[in-house]
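The exercises below concern the model shown next. Work through each task before reading its solution.

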Amino acid sequence: MKKRIKDVVCRAWLKNETKNFVEKDKKIYYFCSPRCKAKFEKEPDKYMQLKG
Ligand SMILES: [Zn+2]
């Protein structure tokens, strides 16, 4: 079964793991772009609530 990776900032599904990721609480969050990554880093708590 393939892993589905979700960009929690823009809520897009990613086909592959990207270079744009942040490790937070032992979990890795992937983003479609450096822009989404920067947004997450600015307000991680806001986006970490948006699971599923
Ligand atoms: Zn994104």
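**Exercise 1.** Which residues does N20 touch, not counting residues up to four places away in sequence?

Solution. The model is predicted. Two residues count as in contact if their C-beta atoms, placed from the backbone, lie within 7 Å. With residues up to four places away in sequence left out, N20 touches Y30, F31, S33, P34, C36 and K37.

**Exercise 2.** Locate N20 among the secondary structure elements, and decide whether N20 is buried, partly exposed or exposed.

Solution. Start with the order of elements: from the N terminus, the chain runs β-β-β-β-α-α. N20 sits in the loop between β2 (13-14) and β3 (21-24). Next, take the neighbour count. A residue is buried at 20 or more other C-beta atoms within 10 Å, and exposed at 12 or fewer. N20 has 18 C-beta neighbours inside 10 Å, so N20 counts as partly exposed.

**Exercise 3.** State the separation of N20 and P44 in sequence and in space.

Solution. In sequence, N20 and P44 are 24 residues apart. In space, their C-alpha atoms are 15 Å apart.

**Exercise 4.** Describe the chain as a whole, beginning with its secondary structure.

Solution. The chain has two helices and four strands. Its radius of gyration is 10 Å, close to the 10 Å that the globule rule gives for 52 residues, so the chain is as compact as a globular protein of that length. Along the principal axes, the C-alpha atoms fill a box of roughly 30 × 20 × 20 Å. Of the 52 residues, 17% are buried. Finally, consider contacts between residues at least 6 apart in sequence: 26% of these join residues at least 24 apart.

Conventions. Residues numbered from 1 in each chain as written. Predicted model: local features only at pLDDT ≥ 70, side-chain atom pairs only at ≥ 80, totals over all residues. Rg over C-alpha atoms; globule rule 2.2 N^0.38 Å.
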